[in-house]
Every structure is written in C-alpha cells, then in structure tokens.
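Hi everyone, thanks for having me. Let me put a structure up on the screen, and then we'll walk through it together.

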Amino acid sequence: MNRIVFFGELGSGKTTLAKKIANNLNCRVIEASKSVVFPISANFRTLPKEKYLLKKLSKISKKDASVSREIAKKTFLALKRKYSPDFIAKALHLLYVDTAPKDVKYLIFSGLRGLDNAKYCRLHNDLVVYLKSNKKDLVDRLCKDRGYTKELSVAEINEEQRLYKTKEIEEVADLVINTSSNNIIKASKQILSKLKNWRKMCKICVNTNSNPAIKFDKFEICHVCRSYKKNLDLKHLKKELDFLKTFKKKNRKYNVLVGISGGKDSTATLYTIKKMGFKPLAFTFNLGYLPETTIPRSKEIAKFLGVDHEVINIRKYIRKIDLDSYKKTVKLYEEPFNFETKKKFKKSYEIGRKHYSVKCNHSPVFVRTCQLCRRMVIRAYYGEAIKRNISAIILGINEWTNLSAAQKGKEYKVSGVRKLQPEKNKPPIYIFHLPFLLQRNSKNTKRILNKIKWRPPKGEDFIESNSNSCLYARSTERMAKRLLEFHPDSTRLAREVTVGFITKKQALKALGKIHPYKFSPRQVLKRAKIL
Ligand SMILES: [Zn+2]
C-alpha cells in the first residue's frame with residue numbers, strides 16, 4: 001500500500017490537495033484530528049497507559065466526535081507529553097496501515113502536525129509531502145477562508161511554527177511543493193508524478209529505486225539489466241568454459257578447488273564438475289558464523305559424491321582494517337530504530353558500495369555484511385589456492401563475476417571468470433562461476449538434485465537470501481531491510497533474475513522472508529570470537 005501524508009503550514013492547502021488527490025486515486029483521506037485527537041478528547045479526561053489507549057482507539061475512532069479547537073490542541077499537547085512526540089503518526093499507522101486489507105492500494109493521511117510525526121512517517125516509508133507558501137499568502141488565505149483578522153492569522157502561523165517546528169519538516173520531506181507559485185492542478189500533478197516513480201521496480205529483475213545505487217531508464221529497466229543485455233556474448237562465455245577445461249589436463253591429485261556450503265547450488269556444482277572429469281577438492285570457508293548445519297552437511301555431501309573435503313578457518317585473513325569495520329558495523333546496528341538511523345543506514349550503504357573491493361584500505365561500516373566478508377573471502381581464495389598449488393576455484397554462483405575487458409580494444413563483456421592476482425609478479429588464480437558459464441537455470445539444478453536425491457533441510461526454501469547461509473547476515477537482516485527499504489541481498493538475487501536463473505516471483509518470495517534470529521550482530525561476532 002502506498003501512503004501519502006500531507007504536512008504544511010497553516011493555510012498552505014493541505015486539506016484541499018488531499019481531497020483532490022484522493023479523488024484522483026479513488027482512495028480515503030484519514031484526518032488525524034477526527035480519527036485520533038477528537039475521539040481521545042471526547043472519551044478520556046486523563047490519559048491512560050499508551051498500550052491501553054492504542055487498544056481502545058480502534059473502537060472509539062470510528063465514532064463521530066467533535067471537540068473545540070482549544071480542547072483538541074490541549075489533547076494534542078498532552079499526547080505529545082505523555083507518550084511521544086510522534087504518537088499521532090504511530091496511532092494512525094496502527095489503526096489504518098497494520099490492519100489494512102491487501103487490496104487497498106493507496107491511503108492519504110492529512111492533518112498531522114509536527115516534525116516528529118513527519119519523521120515517523122518517513123521512517124515507515126510513507127510519501128511525505130510538505131506544502132509551503134509565503135507568509136503573505138498564508139495570512140490572506142486565513143483571513144479569507146477562516147475569517148481571521150490579520151493579527152490573529154500572523155499569531156496563529158507563528159504559534160504553529162513554535163509548537164510543531166513546521167518549517168523543519170521541509171528538510172525531511174520526500175516532496176516539497178510551494179503552493180504560492182503552484183495552483184492546485186499543478187501541485188496535484190507534481191504529487192501524482194512523484195507517486196508514479198515511488199517504489200519503482202525494474203521490469204526485468206527485482207531491483208527498486210529505494211536502492212540509491214540503482215538507476216532506471218525510461219523503459220523502467222535498471223542499469224544492471226541494461227548493461228547485462230548489452231554486454232552478454234555467449235561466444236565469450238563458451239571461450240571461458242573452454243579455458244576452464246584446460247585445468248583438467250593438470251595431472252595431480254586435485255586440479256580444481258570447489259567451494260561448498262551444503263546448499264543446492266554448490267552441491268549441484270560439485271556433482272557437475274566431477275561429471276565433467278575434473279579431480280576436485282571441496283572446501284568450506286569458516287569465519288565462525290556459519291549456521292551449525294553447514295559444516296556437517298558439506299562433509300556429508302562431499303562424502304556422498306566421493307570428493308575429499310576441507311573446512312578452512314579463514315579468520316587469519318581478518319586484518320586490522322576489517323576488524324575496525326566489524327566494530328563500526330555492529331555499533332551502527334545498535335542504534336535506535338528512528339529516522340536519523342535510517343539516514344545513517346542509507347548513507348553507510350552507499351559508502352560501503354564504494355569500498356568493498358579487497359584493494360581498498362579503508363574501514364567503513366558495511367550495512368550489507370556480505371561486502372565485509374567478501375574482503376576476507378577473496379583474499380582467502382587466493383591464499384588457500386596458492387598454498388595447495390591449485391589455480392582454479394569453482395563456485396556454484398548463478399550469475400556473472402564482472403564485466404571483463406575483451407582481449408583487444410576497450411569492449412567489455414559479461415564474464416563468468418574472475419582473475420585474482422594481488423601483484424603482477426605473483427601467479428594468477430581463477431575463479432569460475434560454473435552454473436553461469438553453463439547457462440544453467442534453477443530447473444536444471446533441481447533436476448540434478450533430484451537425481452542425486454538431495455533435499456533442502458526443513459524450513460529452507462529452494463531459493464533463499466544469504467541470511468539463510470550466514471548468521472551474521474541473518475542477525476542484521478530485519479533492521480537492514482526496514483531501514484534501507486530493500487533487502488540487503490536484493491542486488492544479488494536481482495542478478496539471478498537478470499540472467500534467467502530464477503524467476504522474479506521466486507526472488508521476491510526469498511526477499512520477503514525474514515529469518516528469525518535471537519542474536520544481535522555483536523553477539524554473533526562474539527560467539528565467532530572475532531570481537
Ligand atoms: Zn533490472
């Protein structure tokens with residue numbers, strides 16, 4: 001459900017615009033005063049405990065009640081004092097959002113006041129519209145519409161600003177409209193156009209515009225899908241697959257390493273690589289926060305497929321800068337759930353995206369925890385492969401690794417191979433995304449798994465986000481999703497949709513699932529003996 005909430009100065013045209021938009025969208029306008037303030041004024045002399053009041057409110061808010069402006073104002077201030085400055089927004093969400101039937105597409109809240117209520121609405125993903133006007137227009141309107149004198153109008157406007165910090169709302173609003181320079185038709189057009197681009201999802205994958213890193217073209221296709229379509233060359237992938245096959249010639253005990261997690265993709269990959277005639281050594285990296293079933297299942301699968309397996313502790317790859325990132329990240333996850341934290345999360349997400357490369361020597365917060373683990377994992381791939389004198393690593397990842405420069409010229413191509421070479425005079429290690437190179441889809445994987453009679457463990461779906469396979473990601477999932485307005489793992493699953501490995505529906509189901517978990521990120525790292 002999309003919600004629009006109108007804030008603005010007294011006389012800026014909130015009610016008129018709310019009604020106009022409601023007409024257009026064929027939806028309800030919920031007046032804060034009529035649904036929250038009046039019924040409370042009429043039913044309570046003294047305010048009870050918040051929980052009790054919120055429970056009662058659903059019954060009394062439906063009855064018509066009207067009280068004088070003075071009493072309403074008193075109640076408003078009492079609510080703010082006794083409970084919290086954002087009580088009204090909270091009550092409205094409880095009454096009309098949490099219990100709304102699924103087919104309600106739009107809802108408009110009007111008559112809310114105050115910066116704190118605006119922040120609450122922004123925190124809960126409403127479209128916050130702020131209407132402003134110059135003072136002269138506001139005064140004129142109050143004189144004309146309400147019959148106030150000029151002095152009274154000025155006094156009322158100043159009083160509102162003092163009580164509700166009206167002007168500061170401009171800083172937090174999603175959309176600011178000047179109703180002095182825009183007439184009602186123009187203003188409503190602005191709102192409807194903003195609404196059209198609100199929560200936009202790529203026509204192909206599941207990327208949304210809540211993620212600041214995703215750009216859309218006029219066909220509503222995200223830049224990731226666009227770039228993939230433009231740079232995909234199946235002949236190039238075929239060449240990469242042929243390159244992988246050259247490692248078969250290496251005549252030693254093992255010629256490839258295969259990363260396994262006990263999950264469906266890596267299981268099918270290990271099976272396939274053996275079928276292809278390689279001599280694999282399977283391995284599972286451990287930083288200390290794998291779900292307890294991962295290692296036993298990996299061992300079991302390797303044994304079942306007749307492949308040697310090693311569990312490799314990669315904690316030694318945590319550098320000082322990584323440890324600092326861990327510390328900063330768990331701290332951010334301890335902040336209160338409010339609008340300020342939401343801003344920090346969004347900002348940190350953008351910064352993390354710029355610094356997740358292994359070559360980067362900064363230690364930022366990583367809201368998306370996988371970006372931090374990646375720093376250790378990539379370096380461990382290299383270190384552990386060199387140690388074992390094996391230069392190809394196979395992973396069961398269903399999407400491309402990067403856009404690699406084609407041999408000649410500056411043309412870039414979608415690639416399923418990543419070359420790791422920390423320094424020019426050191427030997428390279430290659431990482432292959434096998435299912436992608438084979439252009440597999442989830443149906444092919446399912447078929448293989450059926451053949452070897454593999455079943456996902458209880459409670460696990462066929463398609464899952466990383467929170468299923470990592471406890472650190474799991475401990476951050478709920479808060480990250482609520483504050484970022486998108487699942488932190490959505491970009492990865494989006495790529496699996498882009499390449500056609502899974503369907504949009506499968507990805508949305510996986511991203512909609514929150515894995516319950518009782519430990520905080522700090523507790524997870526403490527148990528892993530990292531902190
Ligand atoms: Zn897309």
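Before we start, one definition: we call a residue exposed if 12 or fewer other C-beta atoms lie within 10 Å of its own, and buried if there are 20 or more. Also, please keep in mind that this is a predicted model.

Let's begin with the whole chain. It has 531 residues, and 40% of them are buried. The secondary structure adds up to 23 helices and 13 strands. If you follow the C-alpha trace along its principal axes, the chain spans about 95 × 50 × 45 Å.

Now let's look at one sheet. In what order do its 6 strands sit? The order is β8-β7-β6-β9-β13-β12, in an open sheet with mixed pairing. Strands β8 and β12 are the edges, each pairing on one side only. From one strand to the next, the twist averages 25 degrees.

At the β12 edge, β12 and β13 run antiparallel and are joined by 4 bridges. One pair to find on your screen is Leu 420 with its bridge partner in β13, Ile 429.

Over at the other edge, helix α14 lies across β7 and β8, and α14 runs at about 155 degrees to β8.

Let's stay with β8, which covers residues 308-313 and includes Asn 313. Is Asn 313 buried or exposed? Asn 313 has 11 other C-beta atoms within 10 Å, so it counts as exposed. Its C-alpha atom is 9.5 Å from that of Ala 380, although the two residues are 67 apart along the chain.

That's my tour, thanks for listening!

How values were computed. Residues numbered from 1 in each chain as written. Predicted model: local features only at pLDDT ≥ 70, side-chain atom pairs only at ≥ 80, totals over all residues. Helix = DSSP H or I, 4+ residues; strand = E, 2+ residues; numbered from the N terminus. Pairing = 2+ DSSP bridges. Axes fitted to C-alpha atoms, helices over the stretch in contact; angles between N-to-C directions. Contact = placed C-beta atoms within 7 Å.
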